[in-house]
Amino acid sequence: MNDEHPESGYVDDDAVEYGLESAFTDIEILRTTDYNVVARGRRYGRWWLLKGLPPGKSESAALQRRLKKEFELHSRLRHQAIPMAVALENAGQLGQCIVMEWIEGETLARTLDSRKLKRGERHEIMRNIVAAVSYIHSMGIAHRDLKPANIMLRKSGQGIALIDFGLADSDDYAEMKQPAGTPGFVSPEQIERGGTDPADDVFSLGMIMKLLCPEYKSLSRKCTAPRAQRPADAGKIAAALDRRKQRPRILFYTLIAILCVVSAILAYTVYSLSDISKAERRKVTEIAEDNSENRRKASELEDSLTTMGYRLSEAEARQAEAHLKQAEAEMRQAEAESRLAEIANHDRLKQETIKEGMRMIDMLTARYDSERGTHLSAGDAEKLMALQTELQKDFQNKLGGFSTMIDSRDLSNQEKKLINSELQNYFAIAFNNYYQKWLRKVYPTLE
């Protein structure tokens, strides 16, 4: 999700019960920088955005903390204009990655360079950007890198997507407070002292507004004013844009009222003159009739505007209902993701249990080899038989104790039987390897 590859994505965990693959496939590297690598991968039949650490820097503690901080902040956000970040997990050769919702579209920077947006489109985009930033400010988070390259226009035409929270910050965190941002959009205060202040994002919004909506000169000047005169957060900008949207309707009604008052004053003045001629009276009558017709037309126009207002209200209600349905769908999806995470955790528990059993077998056979097997010599057939019998008996005893231990774990009876069978097979292989070694000591001619 950047100038070069302006998209993003999000993931589920393992889905064994659903018969879907659990690993990412078709991984494609989109961009590599000194701080991260951005790729996309396919899982569960859809694309996801993967953001991890660049090759050779995966062991950097500072970059690991930065990646974790980005995920923790981004995953708090649930807004239609912000792609979801739903996992921080290992993605194969990429290592640990943030997994995000994939967005089809292009950045605002690329759109401004390649085509001309209509006035209404530009205003709607600006309102959506401010609404998204106002939401993250309400969550106590500052983006710190707002610019056209980090704003995507969805290909489906359903609004914008605010991306790249790599420099985002919150007062919850005590580290990584150094200055951050992009020249041309970062505020002077952020360059000087860094830190977390929503007013820094307001400055960036003002610079974006100058490019996207140059007709909003007074508002963009307020956003880029010195810190003391600048709005404290994006919520103030959203309110100003709402007032600006309502201004044409207020001016229209005011103009209609002024026309009606002026018409009434003119009619009264003309009729009050006693020395006017009949012809002039006819003209006065005609003017009065014209004024009456104008008032009638104004009344019809006002009725039309009222009807349009009702229709607009209905459209806004439908849009609110659509947003509610979208929120419900996101909630259901989050529940599904949680279920898949439970499945993955359960599978990891099963695999860890098997590995513990294998380590127990390795330690047991290695101990018998060092304590008994190394002392075998040619012709010690009876010692070999005794060693074989004792090792098998000791294994069965330890397996019984291990089975008692795994009874306390959240595993089904069928899974416990499967684990027991796996360990029996693993012991058979390990025992055979050591037995062949011991057998060659007792019977050197076998070699």
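This report describes the empty spaces and two helix packings of a predicted model.

## The largest pocket

The largest pocket encloses about 1,300 Å³ of space. Its lining is made up of 41 residues, and those closest to the centre of the pocket are Glu124, Asn128, Gln158, Gly159 and Gln319. Four elements each give two or more residues to this lining: α3 (119–138), β8 (151–154), α7 (234–271) and α8 (278–371). Of these, α8 gives the most, with 8 residues.

The chemical character of the pocket lining is mixed. By class, 16 of the lining residues are nonpolar, 12 are polar and 13 are charged.

## Cavities

Rolling a probe the size of a water molecule over the atoms reveals where empty space remains. The structure contains 2 cavities of 30 Å³ or more. The second largest cavity has a volume of about 50 Å³, and 13 residues line it. Arg144, Asp145, Gly181, Val186 and Ser204 are the lining residues closest to the centre of this cavity.

Helix α5 (residues 198–212) supplies the largest share of the lining of the second largest cavity, namely 3 residues. The lining as a whole comprises 4 nonpolar, 5 polar and 4 charged residues.

## Helices α3 and α5

Two elements already named, α3 and α5, also pack against each other, at an angle of about 175° and with their axes 11 Å apart. Angles over 145 degrees count as roughly antiparallel, and α3 and α5 are therefore roughly antiparallel to each other. On the α3 side, the contact is made by Arg122, Ile125, Met126, Ile129, Val130, Val133, Ile136 and His137. On the α5 side, the residues are Pro198, Asp201, Leu205, Ile208, Met209 and Leu212. In this contact, 11 residues are nonpolar, 1 is polar and 2 are charged.

Where does Ser134 lie? Ser134 is part of helix α3. Its C-alpha atom is separated by 9.6 Å from that of Val202, although the two residues are 68 residues apart along the chain. With residues up to four places away in sequence left out of the count, Ser134 touches Ala234 and Gly235.

## Helices α9 and α10

A second packing joins helix α9 (residues 381–406) and helix α10 (residues 413–442), at an angle of about 160° and with axes 11 Å apart. The two helices, α9 and α10, are therefore roughly antiparallel to each other. The crossing in which α9 passes α10 is right-handed.

From α9, the contact is formed by Ala381, Leu384, Leu387, Gln388, Leu391, Gln392, Phe395, Gln396, Leu399, Phe402, Ser403 and Ile406. From α10, the residues that take part are Lys416, Ile419, Asn420, Leu423, Gln424, Phe427, Phe431, Tyr435, Trp438, Leu439 and Val442. When the residues of the contact of α9 with α10 are divided by class, 16 are nonpolar, 6 are polar and 1 is charged.

Terms used. Residues numbered from 1 in each chain as written. Predicted model: local features only at pLDDT ≥ 70, side-chain atom pairs only at ≥ 80, totals over all residues. Heavy atoms only, no water. 1 Å grid on protein atoms, 1.4 Å probe; cavity = no way out; pocket = protein on both sides within 12 Å on 5 of 7 lines; lining within 4 Å. Points joined across faces, edges and corners; volume = space filled by probe spheres on them. Nonpolar A, V, L, I, M, F, W, Y, C, P; charged D, E, K, R; others polar. Axes fitted to C-alpha atoms, helices over the stretch in contact; angles between N-to-C directions. Parallel < 35°, antiparallel > 145°, perpendicular 65-115°, else oblique. Left-handed = near helix turned anticlockwise from the far one by under 90°. Contact = heavy atoms within 4.5 Å.
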